[in-house]
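Please work through the following exercises with the sequence and the model open side by side. Each task is followed by a solution that proceeds in steps.

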Amino acid sequence: MDETATPEAASRLRRTETARPGSDEPLTAESFARLTDQITASVSNVIDGKPEAVQSALIALLAEGHLLIEDVPGVGKTMLARALAATVDADVRRIQFTPDLLPGDITGVSVFNPVTRQFEFTPGAVFANIVIADEINRSSPKTQSSLLEAMEERQVTIDGRTHVLPSPFLVVATQNPFEMEGTYALPEAQRDRFLLRISMGYPDAAAEALMLRQRDSLNPLDGIVPVVTARQITAMIAWARGVHVAPALEEYVVALAQATRSHPDIRLGASPRATLQLVRAAKVRAALDGRAYVIPDDLTSLLNPVFGHRLIANRSAAGGRAGAVVVSEALDRIAASVRVPLAARA
C-alpha cells in the first residue's frame, strides 16, 4: 500500500519535531509531573469544578486514545475539548457535525487540476494533531464512519492511496444524548474506537455562580497559552507506555473483560481492543500519580469509562431502565466479584 503523506501533513509532521527551548531535555518523572500539572492547571482555569473530566481528557491524550464526551447541551463539552487543544502547541481543527456534512469534508477529496491534468489530494479537516468533532451524532452514520480508519490506524485512504496523519493524533468528540431530537446513534464499531466516554454533568452552585461573575465579559479560552509542544506530548506518551504492569494484573484485566462477555445482563461484552485500551489508560493514570507501576485501583477506577460505552445491555435485563444504567450496574458487580490480585507473581 502506498503510504504517502501530503505536503500539508508532512509540514505538520516537521512541526511536531520542532521543539521549544528546553524540550530536547530527557523526560524524567519530575518533568512528566510538571508538564501534566501545567496542562491540568491550564484546562482547569476554563472548566471549573470538574477535575475528573480534565484528568480523563489528559489520559486520553497520553494513552493515544480518543475521548467521547456525552451530555446535554450547554455543560461545557466543547469548552473542555477546546481548552485541552489550546494547551498544546500543535495543529488543531474543529469539525461541526451536521446532517449535510459529507465524508470528504472530514477525510479530504481528490480534485482535478486542469493545469497538470491530474487529480490532486486535498486534505480534509482530520489532518491535524487534535481534531474536535463537535456533536458527532448529528451526522449520518456514513459520515461518522469516515473517522473509523483515521481513529484506529491514524491514516486515511482516498482513491487507493494512503495518507498518513500527523502524530500525535487525538479525536475529542462531543455528542448529545441519543434521546434528543436530530441525533443518530453511534454504531458499535465507532464507539469501540473511543478510549474513554465521560459525562460532564452540571456544575455545582459555587462553580456556576463564579462562572456568572467571571465570564460575562471575558472568554476564559482567550487566556490559555500552549504549555507543551507536540514533540513533548510524544515523549510523554512514550514515558507513560513504559509504566510496568505485573503479569497478575494482566490476568486480572483479562478476567474483567471475560466477565463482561458472560454476564447475563450484557448482550455485547468488551472487545480485545477494550482490554488493551484499559491497560493503556491505567498506565497513564499511574504515571499521573507519580508511579512507574499500575495498581488494581488504576484499572477499576477506569473500568466504567473504558468499557461502559462499548457494552450493550440485554433488553430483558433493562426492565424499562436505560441501557447505560444496566451496563454501569453490571460493571460494578463485575468489579466487586472478580478476584483482585494481592501481589504480583513473577
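**Exercise 1.** Determine whether Arg154 is buried, partly exposed or exposed, and describe its backbone and its place in the chain.

*Solution.* Begin with the accessibility in this predicted model: the relative accessible area of Arg154 is 23%. Since buried means under 20% and exposed means over 50%, Arg154 is partly exposed. Next, locate the residue, which sits in the loop between α7 (148-153) and β7 (155-158). Finally, inspect the backbone, where Arg154 has a positive phi of about 55 degrees although it is not a glycine.

**Exercise 2.** Find where Glu135 lies, describe its phi angle, and identify its salt-bridge partner.

*Solution.* First, place Glu135 in the loop between β6 and α6 (141-144). Then turn to its backbone: Glu135 is not a glycine, yet its phi is positive, at about 55 degrees. Lastly, follow the side chain to Arg138, with which Glu135 forms a salt bridge whose closest N and O atoms are 3.3 Å apart.

**Exercise 3.** Identify the cis peptide bond that involves Pro168, and state which loop holds this proline.

*Solution.* Look at omega for the bond that runs from Ser167 to Pro168; the angle is near 0 degrees, and the peptide bond is cis. Then read off the flanking strands, which show that Pro168 belongs to the loop between β8 (161-164) and β9 (170-175).

**Exercise 4.** Explain which parts of the chain are tied together by the salt bridge between Asp134 and Arg94, and compare the burial of its two ends with that of the pair Arg291 and Asp289.

*Solution.* The structure holds 13 salt bridges, and in one of them Asp134 and Arg94 bring their closest N and O atoms to 2.6 Å. Because Asp134 is part of strand β6 (residues 130-134) and Arg94 is part of strand β3 (residues 92-96), this pair ties together parts that are 40 residues apart in sequence. Turning to accessibility, Asp134 is buried at 4% relative accessible area, whereas Arg94 is partly exposed at 45%.

Now take the second pair: Arg291 forms a salt bridge with Asp289, with 3.2 Å between the closest N and O atoms. Here Arg291 counts as buried, at 15% relative accessibility, while Asp289 counts as partly exposed, at 44%. To complete the picture, note a network of salt bridges that links Glu152, Asp192, Arg193, Arg273 and Arg310.

**Exercise 5.** Describe the second largest pocket by its volume, its lining and the elements that contribute to that lining.

*Solution.* Start with the space enclosed, about 470 Å³ in the second largest pocket. Its lining is made up of 26 residues, and those closest to the centre are Gly74, Val75, Gly76, Lys77 and Met79. The elements that give two or more residues to this lining are α4 (77-86) and α9 (205-214), and α4 provides the largest share, with 4 residues. Sorted by class, the lining of this pocket has 11 nonpolar, 7 polar and 8 charged residues.

**Exercise 6.** Characterise the largest nonpolar core, and list the contacts of Leu80 that lie beyond its neighbours in sequence.

*Solution.* As background, nonpolar side chains tend to be buried together in soluble globular proteins. In this model the largest nonpolar core has 74 residues, and those with the most contacts inside it are Leu62, Leu80, Ile233 and Phe307. With residues up to four places away in sequence set aside, Leu80 touches Val43, Ile47, Ala53, Val54, Ala57, Ile69, Ile198 and Met200. Another core, of 24 residues, lies apart from the largest one and includes Ala125, Val126, Ala150 and Ala173.

**Exercise 7.** Which residues are in contact with Thr275 and with Leu278, leaving aside neighbours within four places in sequence?

*Solution.* Place Thr275 first, in helix α12 (residues 272-288); its relative accessible area is 13%, and it is buried. The contacts of Thr275 beyond its sequence neighbours are Val253, Ala257, Arg261 and Phe307. Leu278 also has its place in helix α12, and at 0% relative accessibility it counts as buried. For Leu278 the corresponding contacts are Val253, Leu299, Leu302, Leu303, Val306 and Phe307. As a last step, consider the distance from Leu278 to Leu302: these residues are 24 apart in sequence, and their C-alpha atoms are 7.1 Å apart in space.

Terms used: Residues are numbered from 1 along each chain as its sequence is written. This is a predicted model: local features need pLDDT of at least 70, side-chain atom pairs count only at pLDDT 80 or more; totals for chains, interfaces and linings use all residues. Side-chain values use heavy atoms; hydrogens and water are left out. A salt bridge is a side-chain nitrogen of Lys or Arg within 4 Å of a carboxyl oxygen of Asp or Glu. Buried means under 20% relative accessible area, exposed over 50%, partly exposed in between (1.4 Å probe, protein chains only). On a 1 Å grid over the protein atoms alone, a cavity is a set of points where a 1.4 Å probe fits but cannot get out, and a pocket is an open set with protein on both sides within 12 Å along at least five of seven lines; lining residues have an atom within 4 Å of a point. Grid points are joined across faces, edges and corners, and a volume is the space filled by probe spheres set on the points. Ala, Val, Leu, Ile, Met, Phe, Trp, Tyr, Cys and Pro count as nonpolar, Asp, Glu, Lys and Arg as charged, and the others, Gly among them, as polar. A nonpolar core is a set of buried Ala, Val, Leu, Ile, Met, Phe, Trp, Tyr and Cys residues joined through side-chain atoms within 4.5 Å. Contact means heavy atoms within 4.5 Å.
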